[in-house]
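Here are my notes on the model you sent round. They are set out as numbered points, to be read beside the structure.

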Amino acid sequence: MFRTIKRIIGWCGEFKRKLYIGFIFSFFSTWFAALPVMVAAYTVGLLIEDARGNVVFDRKWIWLSLLILAVLVFLRFLFDYLRAKFQETISYELVARDRLAIGDALKRVSLGYFQQKDSGNILNSITTGLHTLENMGMRMIDNFVGGYLNFLVIFLCLLFISPVVSLIAVVGAAVSFLFLLVVSRHSVKNAPVAAQAGRDLTGATLEYARGLPIVKSFGQGGASMAAMSKACQDSRDICLKIEWGYTPANCAHLLALKVASVTLGGAACYLGLTGVLALPMMLMFVFFSFGIFAGLEPISDSAHVLGVIDNAMNQLDALKMGNYIDQDGKEIVLNHFDVEFRQVNFGYDERRVLWDVSFTIPEKTSTAIVGPSGSGKTTICSLIARFYDVDSGSILVGGHDVTEFTCDSLLRNISMVFQNVYLFHDTIRSNICFGKPGATEQEMIAAAKKACCHDFIMALPHGYDTVIGEGGGTLSGGEKQRISIARAILKDAPIIILDEATASIDPENEHLIQEAISQLTKGKTIITIAHRLATIEHADQILVVDDGRIVQCGTHAALMRQKGRYRSFVETRERAEGWKITGN
């Protein structure tokens, strides 16, 4: 419990000063909450003594005490306000900072990280984990520190008047604290289990949402719900089990405080009746007995949540402390843009994909990569962009090993157009300018015109300010492809990687896409993965990949004169592209 509190305070970083000032305001707020009880007890005591005829009550004291109470109440709420102003905003500042830090961390890790980590786990950590810290972090630490601070202030008041009665309060608080430790240990033990159930539920929900088109097409709604139903039931069962586990210690904590409160009030009455305590002091003790533990009772909620917060912080630390792929990288400015592979070997986990791959792509030339599915074509392009690190060998861009770059300085030189285009749920303007955030209106429109998408954009309801669905779902495949090419044109990188950019385009759009690609690739180093002959036959060189190896290299004409994989590939494609339906 104390370790988690220390972690939260450490997490505050540059906001620690505001946190500590908030504790000071909380201390004064507690004092101003305790003083009205003393004033009220003193006043009631005077009234009773006046009724007995022991003293003469000064009527002016009524108005004076009311004024004092009003000032004390005002000061209490003033210091409460100041505490909230200093402390309540800290978690929002910190969570915003951490979300940006995690976003920066995730773009600097190998893509293999996302194969090892389930997307539900990552999403749950960024959303649920940070949400827990955002809403509970400062509140729980204030409950804990403020609760015991409140008790300490009242205890000091009692100790000054009657050490015997104040001892009862200490014993009650100590016994309740022992049960709080049990709650805290239970929370720490079960927080990872509950978090895993939450991650499983998030992952199952994402899987269900992503698979809905397939589910509907096969009419398997019941089967698709099975995993999500199980995750929901598991989450419910685990949360109920954990809650039942908390109950005994939590009830014992509250019982210890209630028993101590009643005992304290009873002891004060006994001491008052026996003459040990003056009547006003006895009344003050009785009044305090009802509120002395008010700040300690909610701490059980903090003990519940502190384990969850600790686990959330572990998840976030794991995300932020990932093995950055460019940890030792430097900002490098290139003067030329050739690409070279030197005896590269690479595999995904245990599966080897590339074997001793070597080739050179001179700058401002076009290279086509062909081969059967699964041969390693896309992997070669991913390694150029350093989405992964090679197992052995080296890859050079502009004469520098890609491991020398930071991710940003390397990718500044590369534009990629994929077969499966992803567009953000944002305006078309934002999607195109994603390649160059500071682009002017004229630059954006010029890029869109080169990509042959200006006309259809202007026909949309709000033109460039039209918001498209997530992933570009409200646009056709050809429209999405042209917007992605406009994005690449605007970026104007010297190295262009086209990963089967026209493979799934309909014939009506193909000539527009080809025209857009021609505009994109002028004067650039071009690397193209393609199956269509029209795309590859004019390339300066063609790399033929088979089973993770470069088996042939040369121009289209040279390779067609050789017996081998390429000629077989071309002949197969020609037969496939020349088929037609015949009638009987």
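1. Thr525 has a relative accessibility of 1%, so this residue counts as buried. The coordinates come from a predicted model, and every value below should be read in that light. Thr525 belongs to strand S8. Setting aside neighbours within four places in sequence, its contacts are Phe337, Ile361, Pro362, Glu363, Lys364, Thr365, Pro494, Ile495 and Ile496. Phe337 is 188 residues away from Thr525 along the chain, yet their C-alpha atoms are separated by 6.9 Å.

2. Some totals for the whole protein. There are 21 helices and ten strands. Of the 584 residues, 47% are buried. When contacts between residues at least 6 apart in sequence are taken, 78% of them join residues at least 24 apart.

3. Which strands make up the open sheet with mixed pairing, and in what order? Six strands form this sheet, in the order S6-S7-S8-S3-S9-S10. Its edge strands are S6 and S10 (549–554), and each of these pairs on one side only. From one strand to the next the twist averages 15°.

4. Within this mixed sheet, S3 (residues 366–370) and S8 (residues 525–529) pair in the parallel sense, over four bridges. One position to look at is Ala368, whose bridge partner in S8 is Thr528. Helix H12 packs on this sheet, where it touches S3, S6, S7, S8, S9 (541–546) and S10. The direction of H12 makes about 150° with that of S8.

5. A second open sheet is formed by four strands in the order S2-S1-S4-S5, and its pairing is antiparallel. S2 (351–361) and S5 (400–401) stand at the edges with a single partner strand each, so one side of each has no neighbour in the sheet. Strand S4 (residues 392–397) pairs with S5 in the antiparallel sense over two bridges. Here Val397 stands opposite His400 in S5.

6. What does helix H12 (residues 377–384) touch in the antiparallel sheet? The helix packs on this sheet too, touching S1 (339–348), S2 and S4. The direction of H12 makes about 115° with that of S1. H12 therefore has a place in both descriptions, with contacts to strands of the four-stranded sheet and to strands of the six-stranded sheet.

7. S1 and S2 pair in the antiparallel sense over seven bridges. Gly347 has Arg352 as its bridge partner in S2. The two strands form a hairpin with two residues between them, and Asp349 in the turn has a positive phi of about 55°.

8. Two further residues deserve a look for their backbone angles. Most residues other than glycine have a negative phi. Cys452, which is not glycine, has a positive phi near 60°. Cys452 sits in the loop between H15 (441–450) and H16 (454–458), and at 17% relative accessibility it counts as buried. Asp492 is likewise not a glycine and has a positive phi of about 55°. Its place is the loop between H17 and S7 (495–499).

9. The largest pocket has a volume of about 1,600 Å³. Its lining consists of 37 residues, and those nearest the centre are Phe387, Leu411, Phe418, Phe424 and Phe434. Two or more lining residues come from each of H4 (90–106), H13 (407–411), S6 (414–418), H14 (428–433) and H17 (477–491). By residue type, the lining of this pocket divides into 20 nonpolar, eight polar and nine charged.

10. Is Arg83 buried or exposed? With 12% relative accessibility, Arg83 counts as buried, because the cut-off for that class is under 20%. Arg83 is part of helix H3 (residues 60–87). Not counting residues up to four places away in sequence, Arg83 touches Gly22, Phe25, Ser26, Glu88 and Asp142.

How values were computed. Residues are numbered from 1 along each chain as its sequence is written. This is a predicted model: local features need pLDDT of at least 70, side-chain atom pairs count only at pLDDT 80 or more; totals for chains, interfaces and linings use all residues. Side-chain values use heavy atoms; hydrogens and water are left out. Buried means under 20% relative accessible area, exposed over 50%, partly exposed in between (1.4 Å probe, protein chains only). Contact means heavy atoms within 4.5 Å. On a 1 Å grid over the protein atoms alone, a cavity is a set of points where a 1.4 Å probe fits but cannot get out, and a pocket is an open set with protein on both sides within 12 Å along at least five of seven lines; lining residues have an atom within 4 Å of a point. Grid points are joined across faces, edges and corners, and a volume is the space filled by probe spheres set on the points. Ala, Val, Leu, Ile, Met, Phe, Trp, Tyr, Cys and Pro count as nonpolar, Asp, Glu, Lys and Arg as charged, and the others, Gly among them, as polar. Two strands pair if DSSP finds at least two bridges between them. Axes are lines fitted to C-alpha atoms, for helices over the stretch in contact, and angles run from 0 to 180 degrees between N-to-C directions.
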